[in-house]
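Reader: Hello! I would like to walk through this fold with you, one question at a time. Shall we put the structure up?

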Amino acid sequence: RATVAEEMARSRVKQHPLALALVHHTEAEAVARAGGEAVATTEAVLQQHLDHTLALADGRIEPFGELLYGVFYYGRAADVEAWVELVRTTPASTGETLPLTIGVALYRERHTTSEQLRGDAVQALSDAYAAQVGCVILE
């Protein structure tokens, strides 16, 4: 994706650490079965929740698929971990915490293409689902 490449370039120019977090609504299949209105409502709640939790940080949110968002977070690994915890434990506008699974890849020198960084984030998300944990961060 061009967006991933753009953020990688921004990180290099500004010399700021970058993480790509893939945030997926864990109950996406059930929401999709409920129909388009349920998907739209759930996406709106998730987008608002991510906007809210990212408000005080430097980052960017992009839709990557149905009930899947890419969050480009500028910060050190510890900051990313704190943000992930905030996303997972802070109630959304519905008053409830959202069932989310998150895979995070920290941008490192080994990532020479956007596909590599995105691939690591996808792997982290897959690992989080496989281990039945809320989040995996690949360094």
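Reader: Is W83 buried or exposed, and what is its relative accessible area?

Author: Happy to start there, with the reminder that this is a predicted model. Buried means under 20% relative accessible area. W83 falls below that cut-off and so counts as buried, with a relative accessible area of 3%.

Reader: Which aromatic residue pairs with W83, and how are the two rings arranged?

Author: A pair of aromatic rings is described by the distance of the centres and the angle of the planes. Searching the whole structure gives 2 aromatic pairs. In the other one, F64 and F72 are tilted, at 6.3 Å centre to centre and 55° between the planes. The pair you ask about has its centres 5.6 Å apart and 35° between the planes, a tilted arrangement, and the partner of W83 is Y73.

Reader: Where in the chain do Y73 and W83 sit, and how many residues apart are they?

Author: Y73 is buried too, at 9% relative accessibility. Y73 belongs to strand β3 and W83 to helix α4, so the pair links distant parts of the chain, and the two are 10 residues apart.

Reader: Nice. Are F64 and F72 buried or exposed, and at what relative accessible area?

Author: The cut-off for buried is under 20% relative accessible area. F64 meets it with 9%. F72 meets it as well, and its relative accessible area is 0%.

Reader: How many residues of β3 are buried?

Author: Let us take the strand face by face. One side carries L68, G70, F72 and Y74, the other carries Y69, V71 and Y73, and all of these are buried. That makes β3 mostly covered, with the buried count at 7 of its 7 residues.

Reader: Which strands are joined to β3 by bridges, and how do they run?

Author: β1 runs antiparallel to β3 and is joined to it by 7 bridges; within this pairing, L20 has F72 as its bridge partner. On the β2 side, I61 is partnered by V71, and E62 stands opposite G70. β2 is also joined to β3 by 7 bridges and runs antiparallel to it. The strands you asked for are therefore β1 and β2, both antiparallel to β3.

Reader: Which residue takes a positive phi in the hairpin of β2 and β3?

Author: This hairpin has 2 residues between the strands. A phi near 60° is found there, and the residue that takes it is L67.

Reader: Back to α4: why can its buried residues be said to line one face of the helix?

Author: The 13 residues of α4 should span 18 Å at 1.5 Å a residue, and its end C-alpha atoms are indeed 18 Å apart. Its buried residues are V80, W83, V84 and V87. Seen down the axis of α4, these line one face because they fall within an arc of 100°.

Reader: And what do those buried residues of α4 pack against?

Author: Both helices and strands are on the list. The buried residues of α4 pack against α3, and against the strands β1, β3, β4 and β5.

Reader: How does helix α3 span compare with what it should be, and what arc do its buried residues cover?

Author: With 19 residues at 1.5 Å each, α3 should span 27 Å, and its end C-alpha atoms are 27 Å apart, which agrees. Its buried residues are V39, T42, V45, L46, H49, L50, T53 and L54. They are on the same side of α3, since the arc they cover around the axis is only 155°.

Reader: Which exposed residues are on the face of α3 turned away from its buried side?

Author: The buried residues of α3 pack against several elements, including β1, α2 and α4. The face turned away from that buried side carries the exposed residues G36, E37 and H52.

Reader: One last stop: which residues does E7 touch?

Author: E7 lies in helix α1. E7 is buried, with a relative accessible area of 3%. Leaving out residues up to four places away in sequence, the residues that E7 touches are L18, R60, F72 and Y74.

Reader: Which residue lies over the face of Y74, and at what distance from the ring centre?

Author: Y74 is one of the residues that E7 touches, and Y74 is buried in β3. Over the face of its ring lies R10, and the distance from the ring centre is 4.4 Å.

Technical notes: Residues are numbered from 1 along each chain as its sequence is written. This is a predicted model: local features need pLDDT of at least 70, side-chain atom pairs count only at pLDDT 80 or more; totals for chains, interfaces and linings use all residues. Side-chain values use heavy atoms; hydrogens and water are left out. Helices (H or I, at least four residues) and strands (E, at least two) are DSSP runs, numbered from the N terminus. The expected span of a helix is 1.5 Å times one less than its number of residues. Buried means under 20% relative accessible area, exposed over 50%, partly exposed in between (1.4 Å probe, protein chains only). The arc is that of the directions from the helix axis to the C-beta atoms. Contact means heavy atoms within 4.5 Å. Two strands pair if DSSP finds at least two bridges between them. Rings of Phe, Tyr and Trp (its six-membered ring) pair if their centres lie within 6.5 Å; planes under 30 degrees apart count as stacked, over 60 as edge-to-face and the rest as tilted. A charge sits over a ring if NZ of Lys or CZ of Arg is within 6 Å of the ring centre and within 35 degrees of the ring normal.
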